[in-house]
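Subject: Structure for you to look through

Hello,

Please find below the structure I promised to pass on to you, together with its sequence. Once you have had a look at it, the notes underneath go through what was found.

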Amino acid sequence: MNLLEISIALCVLALPLLVFPVSSKDLAQECLDGHNAARKEVGVPSMRWDNVLEAYALNYSQGRIDNCNLDPAVGPSGQNLAWSTTDLSGTDAVKIWVDEKNYYDMQSGLCATGKMCNHYTQVIWINSTQLGCAKVRCNNNGTFITCYYYPAGNIPGKRPTDGIESFIQSVPPRPQNQSPQRPKGSNNRTGLVIGLSVGGASALTFGLGVMTWFISRRKRNRENEFDDHVSEMFFGHDFGNGMGPRKFSLNELAKVTSSFNTENKLGEGGFGSVYRGYLRDLDTYIAVKRVSRTSKQGIKEYASEVKIISQLRHKNLVKLIGWCHERGELMLVYEFMVNGSLDTHLFKGKSLLTWEVRYKIVQDLASALLYLHEEGDYCVLHRDIKTNNIMLDSSFNAKLGDFGLARLVDHAKGLKNTLLAGTLGYMAPECLSSGKASKESDVYSFGVVALEIACGRRSIESKLEESESLLVPWVWKSYGTERILDVADKKLGIAFDSKQMECLVIVGLWCAHPNHDLRPSIRQVIQVLHFEAPLPNLPGSMPLPNYNVPIAPRIGSSEPRISNSTLTIPR
């Protein structure tokens with residue numbers, strides 16, 4: 001069996017421990033189809049999917065995993081809930097709500113005595129144009145589905161289909177091919193008729209303008225209420241009151257980025273786009289991360305990034321300047337890093353980093369990780385350390401960024417039962433079997449990055465021969481044959497310090513050891529990188545992973561999120 005087959009087999013061994021749910025695309029389509037079919041029956045326009053509402057619904061659903069025993073389809077305005085002891089689909093959930101139409105009188109707008117109809121009326125509410133739903137597996141093996149609507153419906157005293165009739169349709173149409181007849185002797189009244197017609201048209205135009213203004217104002221007010229509710233739920237009262245990062249308005253960020261002009265775009269990924277801007281009051285350039293509506297980084301990850309990184313202060317961490325959540329937009333404002341991300345230099349030819357710069361980058365990253373793991377009030381598990389998330393300033397000092405997957409834990413514990421997340425090629429093997437993030441799993445990712453810096457290649461290179469496609473086994477083989485310098489980046493030629501190269505490669509393998517309990521702490525890493533401690537003695541051949549670690553509680557079936565390279569599986 002070759003190395004690639006071994007790697008795949010190890011992943012397959014871990015998969016039975018995970019419970020994979022229906023994909024979010026399937027759930028979204030089921031819920032949309034069910035809602036829009038019910039709306040079509042009563043002549044109400046279709047709804048569209050909204051990823052912000054989906055994240056909002058997922059956050060609520062995850063909080064109900066331990067308490068799923070509720071009556072099906074019970075929820076406040078703007079939120080429909082459904083629960084079942086079996087595997088409830090999106091179609092099943094919507095049917096529970098739509099079946100309430102049997103007790104609802106559309107003409108009178110009344111529900112039969114002793115019956116419930118508000119979930120059905122929410123489904124067909126004309127003003128609710130956006131929908132987001134989420135599904136989780138309960139700890140009692142049941143399923144729980146939440147749908148959020150925006151704007152919320154079920155307004156007291158209103159019918160769900162009010163407003164369907166067009167204002168224009170209320171004006172009787174003029175018969176085709178029929179000229180108005182003038183009564184004899186009425187020529188003097190022609191001016192009066194024209195005047196009344198013009199006046200009527202003006203009144204109609206004015207009325208339409210007033211109605212449009214009223215509707216847009218009401219929409220803005222509801223958007224503001226929704227944004228305030230989300231901000232209070234996820235950020236608390238400290239944010240926006242001078243106690244945390246600066247809260248920007250959408251207009252401010254649009255202005256400093258020239259309305260998010262493509263000329264100011266710094267990069268683009270699965271999360272959305274990053275734009276360069278300039279803040280005159282701070283006299284500094286900024287990077288604005290604008291989360292795409294189709295991104296899997298929802299409100300929860302967005303809020304996590306804001307709340308965690310705002311508490312951190314270190315020279316090797318990207319500084320968060322501010323944030324914005326307005327009109328459904330999610331944005332983060334960072335200090336601008338002139339030289340971009342490390343991966344663009346190592347793998348995309350942006351520049352050839354000298355050995356001195358590379359070794360300093362590894363030391364900077366180790367310093368940042370030491371701060372996160374040991375020097376703060378809490379231990380911060382980053383969970384997504386990779387070259388894409390290491391930024392370089394004008395002097396090529398390295399700063400670790402993107403804390404969307406980060407979690408806080410007590411120093412004494414050092415483990416976190418949470419979302420299984422990370423990027424393929426950087427994830428520690430025990431993460432697939434235990435579902436636990438730890439300091440050791442962060443150290444593993446650090447070790448992979450260290451090897452990428454030394455070798456100048458990615459952790460997974462599918463275009464290479466199978467014996468070389470996986471970075472860690474390939475480097476370990478060279479270590480075992482005592483040809484460790486053979487793995488050095490060929491682009492460097494011989495322009496590197498052989499002692500430092502050997503040190504970095506061995507430290508990288510030590511950190512990426514398949515067994516988590518045999519990895520060093522980041523403090524030990526720093527000591528070896530500064531030649532303050534001896535190099536470790538590693539086995540000549542790469543050990544197989546040891547999965548004898550505590551297994552995390554069952555991973556439930558909320559929506560798994562998989563991008564091209566990043567894997568996130570909610571519990």
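The protein chain contains 15 helices and 21 strands, and please keep in mind throughout that this is a predicted model. Of the 571 residues in the chain, 50% are buried, and the accessible surface comes to about 28200 Å², with 53% of that area belonging to carbon and sulfur atoms. If you take the contacts between residues at least 6 apart in sequence, 69% of them join residues at least 24 apart.

A good place to begin is strand E6, which covers residues 143-150. Eight of its eight residues are buried, so this strand is largely enclosed by the rest of the structure. You can follow this on both of its faces, since Thr143, Ile145, Cys147 and Tyr149 point one way, while Phe144, Thr146, Tyr148 and Tyr150 point the other way, and all of them are buried.

Strand E6 has pairing partners that you can trace in the model. With strand E5 (residues 130-137) it pairs in the antiparallel sense over eight bridges, and within this pairing arginine 137 has threonine 143 of E6 as its bridge partner. The two strands E5 and E6 form a hairpin with five residues between them, and in the turn asparagine 141 has a positive phi of about 75°. Strand E2 also pairs with E6 in the antiparallel sense, here over six bridges, and alanine 82 stands opposite isoleucine 145 in E6.

Asparagine 80, which lies in strand E2 (residues 79-84), deserves a careful look of its own. Is asparagine 80 buried or exposed? Its relative accessible area is 1%, and because buried means under 20%, asparagine 80 counts as buried. A polar atom of its side chain lies 3.1 Å from the backbone oxygen of histidine 119. Leaving out residues up to four places away in sequence, asparagine 80 touches Trp97, His119, Gln122, Val123, Ile145, Thr146, Cys147 and Tyr149, so that several residues of E6 that you have already met, including Ile145 and Cys147, appear again here.

Just where strand E6 ends, there is a detail of the backbone to notice, namely a cis peptide bond that joins tyrosine 150 and proline 151, with omega at about -15°. Proline 151 has its place in the loop between E6 and helix H6 (190-235).

Further along the chain, six strands form an open sheet with mixed pairing, in the order E7-E11-E12-E10-E9-E8. Its edge strands are E7 (246-247) and E8 (265-269), each of which pairs on one side only. Within this sheet, strand E9 (residues 272-279) and strand E10 (residues 284-291) pair in the antiparallel sense over eight bridges, and tyrosine 275 stands opposite valine 288 in E10.

Next come the nonpolar cores. In soluble globular proteins, nonpolar side chains tend to be buried together. The largest nonpolar core of this model has 79 residues, of which Leu372, Phe403, Phe446, Val475 and Leu529 touch the most other members. Helix H10 (residues 355-375) gives the largest share of this core, with 11 residues, and at least three residues come from each of domain 2 (244-336) and domain 3 (346-544). To see one member in its surroundings, you could select phenylalanine 446, which, apart from its neighbours within four places in sequence, is in contact with Val362, Leu365, Ala366, Leu369, Ile385, Cys511, Ile522, Val525 and Leu529. There is also a second, separate core of 23 residues, and among its members are Leu27, Met47, Ala93 and Val98.

Finally, there are two loop residues with a positive phi. Phenylalanine 260, in the loop between helix H7 (250-256) and E8, has a positive phi of about 55° although it is not a glycine, and at 10% relative accessibility it counts as buried. Glutamate 482, in the loop between helix H13 (471-480) and helix H14 (498-511), likewise is not a glycine and has a positive phi of about 60°, but at 75% relative accessibility glutamate 482 counts as exposed.

Best wishes

Terms used: Residues are numbered from 1 along each chain as its sequence is written. This is a predicted model: local features need pLDDT of at least 70, side-chain atom pairs count only at pLDDT 80 or more; totals for chains, interfaces and linings use all residues. Side-chain values use heavy atoms; hydrogens and water are left out. Two strands pair if DSSP finds at least two bridges between them. Helices (H or I, at least four residues) and strands (E, at least two) are DSSP runs, numbered from the N terminus. A nonpolar core is a set of buried Ala, Val, Leu, Ile, Met, Phe, Trp, Tyr and Cys residues joined through side-chain atoms within 4.5 Å. Buried means under 20% relative accessible area, exposed over 50%, partly exposed in between (1.4 Å probe, protein chains only). Domain bounds come from an automatic or database domain assignment. Contact means heavy atoms within 4.5 Å. A polar contact is a pair of N or O atoms within 3.5 Å; within protein, one must be able to donate a hydrogen and the other to accept it, and residues adjacent in sequence count only if both atoms are side-chain atoms. Accessible areas come from the Shrake-Rupley method with a 1.4 Å probe; for residues, only the protein chains shown count as cover.
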